[in-house]
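Visitor: I am new to this structure, and I would like a close look at one part of it. Could you take me to the place where the two chains meet and tell me what can be said about it?

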Amino acid sequence: MSYAYLFKYIIIGDTGVGKSCLLLQFTDKRFQPVHDLTIGVEFGARMITIDNKPIKLQIWDTAGQESFRSITRSYYRGAAGALLVYDITRRETFNHLASWLEDARQHANANMTIMLIGNKSDLAHRRAVSTEEGEQFAKEHGLIFMEASAKTAQNVEEAFIKTAATIYKKIQDGVFDVSNESYGIKVGYGGIPGSSGGRDGASAQAGGCCS
Amino acid sequence: MDLVSGYKGMVGLVFGNDNSGSNEDSYVERLLDRISNGVLPDDRRNAMTELQSVVAESRGAQLAFGAMGFPVLMGVLKEERDDVEMIRGALETLVSALTPIDHAKGPQNEVQPALMNTDLLSREAENISLLLSLLSEEDFYVRYYTLQILTALLTNSQNRLQEAILTIPRGITRLMDMLMDREVIRNEALLLLTHLTREAEEIQKILVFEGAFEKIFSIIKEEGGSEGGVVVQDCLELLNNLLRNNACNQVLLRETLGFDAIISILKLRGSSYSFTQQKTINLLSALETINLLLMGGSESDPGKDTNKLTNRTVLVQNKVFDYLLLLGVESQWAPIPVRCAALRCIADLIVGHPKNLDTLSSKVLGEEPQVEPALNSILRIILRTSSAQEFIEADHVFKSFCERNSDGQTMLASTLIPQPYSMTNAPIEEDVRMSFGSMLLHGLTLGESDGDLETCCRAASVLSHVLRDNIQCKERVLRIELESPTPSLGASEPLMHRMVKYLALASNMKNKDGKTSTKENSYVQPIILKLLVTWLADCPNAAQCFLASRPHLTYLLELVSNPSATTCTRGLAAVLLGECVIYNKSGESGKDAFTVVDAISQKIGLTSYFLKFDEMMKSFLFSPVKTTKLHKPLTRSAAASMEEIEDVDEQDSSDHKNEDHPILSSVFDSHFVNFVKSLEGNIRETIVDVYSRPKSEVAVVPAELELKRGESDKEYIERLKSFVQKQCSEIQNLLGRNATLAENLAKTGGSVSSQPEQRTSGGFDRVQAETLRRDLQEASQRIEMLKAEKAKIESEASMYQNLAGKMESDLKSLSDAYNSLEQANFHLEKEVKALKSGGASTPPDVEAIKAEAREEAQKESEVELNDLLVCLGQEQSRVEKLSARLLELGEDVDKLLEGVGDDMGLPEDSEKEED
């Protein structure tokens, strides 16, 4: 149970884009083609390693439906990272990104790391949003971008780990006051906070995992 | 609240009494007016103070304030943030307006001003939002009063507040931050959050997202764990709210913090022998947390079972058994409620979890060299505890241990080795070195000496778990023979017979002691019966062993119809009887299923037999509404009075009007109840079966009614006759049974024809009777047919007889003719002799003539005789043929011919005499 850092993530995005499936793929390494509609929020956790440091990820998977917005907003402030997910086969989910982003900027802390994920990359033949458009949107809004598939697991691991690596780097750079838990970051017993502060960011590499 | 008492006098001056409603209204109105329109800050502050004290004092003022005051005070809270004193005053006034004033007088249905005011205040979501914003104020009292107001609102309009707080951005976060505030605020916030999280899953999750677990555990640690005060109790109550039916939060706790923190609360620190009331409550709350984890998420959650299973695995990995066994089994000082709760957790940890079962069965307690398996210690609790509740919980551990665990059952059963009598009768204190089985057998037979069957019936309950659904164990325990208590009197007997003996003994004891002890002992018989019912199930050998002793059946029949036995006892006895039918594979007459069924219908009557089932099923123990008692969460108020943690004994007896001991509702778990229900159907079916297909002594094969080839008439008749005879006796049997049934039917139809279930069983009788009647009819038709056949044969026989008579007379006349001829011949010879003697003097010619004549006569008679002989021969052969035929037909030919022979014999005799 010991970890150097604990990061809180949220997964947001329109209903049906595959948020719960991404989480399930990441925590359980399995895909469930038919997933019940998420009510409120669900929780998942996994340990990863970055820069040889064990990092615990606590992930809250939120309901995409509008009616749950007031509940899910409660999770924004305390999160260190957010996965903003759209469905590459459904244009409207891409069009709604701006409003999601606005919500996040309004309720979350300013330093929250946001990863934009174009999910369902296995369904390339039904693609409605090009990779370039996704990249463009991410660039404009300062997000990290990746296309992924919860079904084939392609880029799922990478998406979660890259987000963590970004947060880790921000810690190293001294962006966060890690003693304030409201940023969604917690220093664990197994880590030495800020000892290697501000060193070469390249060392923040995605490592293996253990759950 | 010293301020309040200070103003008391003044208020008392203003109001002569509380009832002057209009006075209060105008007074409150004036104060409110001063607050909103006053110019001098001091005057407004004074008005606020006055308002607060009047609202705290009188219900009338509370009402008046509710009608007019909220907008004014809300305005103050919104607009005058800088005036801390004003804000404080306004908040304190609100607290007073929401706090019920205890008035012993006053009718019950009167409007509760405090309730009404909370309703008014909580209606506006904006108000809640305003209050939450006040939590960020610097001033301690502002935050303190605000928390009190919110708690008051939550107590009375929980749902509305929960919804409102959910919609306010960062609302819960603000409340959570209060947990990090100074102690007074923190404790107040704990209470508030406890109310807020009650049955609100989303709020529970947000709280956890905000790090509630970490905060709760750090406060518990700070406060000294289970040794801590009421704050620890509040923390645990909040923790339990967060985990109850919430799989998501359970997973989070397990995956993030782990269960160590909660398990370590169970660890006894410091003085392990002192259990204050607060410590007891803290431990019970922590055990409740374990229990919530064992129950998993809500019923509707699809992942409930996996989550539950993982929780169990992780808890045991974290060595929860050690602490539970310490609290539940080893500690001599732990209060009974704590021991019971710990045992309950142990039971829930092992049920259906092979790995945990193994872990528990390999646990040993005590210190070298006095170690013994934990299971033995738990058995000792069962046998020795003076608390019914503790017995129930420890018994539940064994029930859970044996459930779907045939290896475990076999392991326990393998130690059941009878000891010599002297050993088993050793004082129970010397049992540390005993094996599980010896201890159990010891317990089973302990009542022998002092006539106390309490221990015996508890041991019987454990044994029934060991035997349940496990045929190997049943067979094994069947073979156990016990020495007779007085070795001089008779040989050893099977354990089962001993149990039946105790069953009988239990009812005797009851009769002797009269009514007072009936209630006390009313569970001994049902529990022993439960053991026997479990034992016989699916085990023909057990049924055979039970029936091996003739009096057993008789006793059971008596017990079923014994009016002084409880409904449950009679019902279970009936079930046991039924098992003697359905699991009876014995062919031995007098012990087979037919005998038992006949005994039931003769001694009890089928209708009243089945009635015993119905009665039992209707009783409280078997009613579907019986659910395992839900444990109410230990709230502060409930815990304070400690009523909650009293023993089960007294509780139940009064509230249900049921004659059965409360212990039974735990011992008769749903599994057993369902099992008995399924048995009942089975028993009904089998008894119908026994009746509809009676064990026939005569096989009716139509082909055999015909004459067999090569069979003589006589043989044929003989065969048919014996067949008819057998059928006759069987018909007699059936008639007897039919009569019993008809009698039963008549009784049913007469007395209780309106009851449907009896009608069905009456109908069953009728069907039965109908079948029998049809059988009877068929049989009598067959008899008629046979009679006719017999008559035909008889008439044939008499015809032949007549024929034979005629032949006889013919023969007689012929022989007469022959006789007369002979006589004539004789005369002639005489004549010839005379002539010869005379002819000596006469010439020799006479001699010649005579010779000539004789020759002639001889020749003549010879011809005639030949004819006669031929005739006779023919006749003779005819008679022979006929008599053979008669013989075939079964007529006594010699007798028939007797007369004839005499007639014939006489002339012959006379002929001889004449010779």
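Guide: Two residues are in contact if their C-beta atoms, placed from the backbone, lie within 7 Å. By that rule, in this predicted model, 18 residues of chain A are in contact with 19 residues of chain B. On the side of chain A that touches chain B, at least two residues each come from β2 (41-50), β3 (53-62) and α2 (69-73) of chain A, and β2(A) gives the most, with four residues. Sorted by character, the residues of that side of chain A are seven nonpolar, six polar and five charged.

To place these elements in the chain, it helps to know that chain A holds six helices and eight strands, which follow one another along the sequence as β-α-β-β-α-β-α-α-β-α-β-α-β-β. Of the 211 residues in chain A, 47% are buried, and among contacts between residues at least 6 apart in sequence, 75% join residues at least 24 apart.

Some care is needed over confidence, for although chain A averages a pLDDT of 88, with 89% of the residues scoring at least 70, the elements of chain A run from strand β4 (residues 81-87), with the highest mean pLDDT (97), to strand β8 (residues 206-210), with the lowest (41). Over residues 191-211 of chain A, pLDDT stays under 50, and the model has 41 contacts beyond four places in sequence for that stretch. Where pLDDT is low, the predicted coordinates should not be read in detail.

How values were computed
Residues are numbered from 1 along each chain as its sequence is written. Chains are lettered from A and ligands numbered from 1 in the order in which they are written. This is a predicted model: local features need pLDDT of at least 70, side-chain atom pairs count only at pLDDT 80 or more; totals for chains, interfaces and linings use all residues. A residue is buried if 20 or more other C-beta atoms lie within 10 Å of its own, exposed if 12 or fewer, and partly exposed in between; C-beta atoms are placed from the backbone. pLDDT is the predictor's confidence in each residue, from 0 to 100. Ala, Val, Leu, Ile, Met, Phe, Trp, Tyr, Cys and Pro count as nonpolar, Asp, Glu, Lys and Arg as charged, and the others, Gly among them, as polar.
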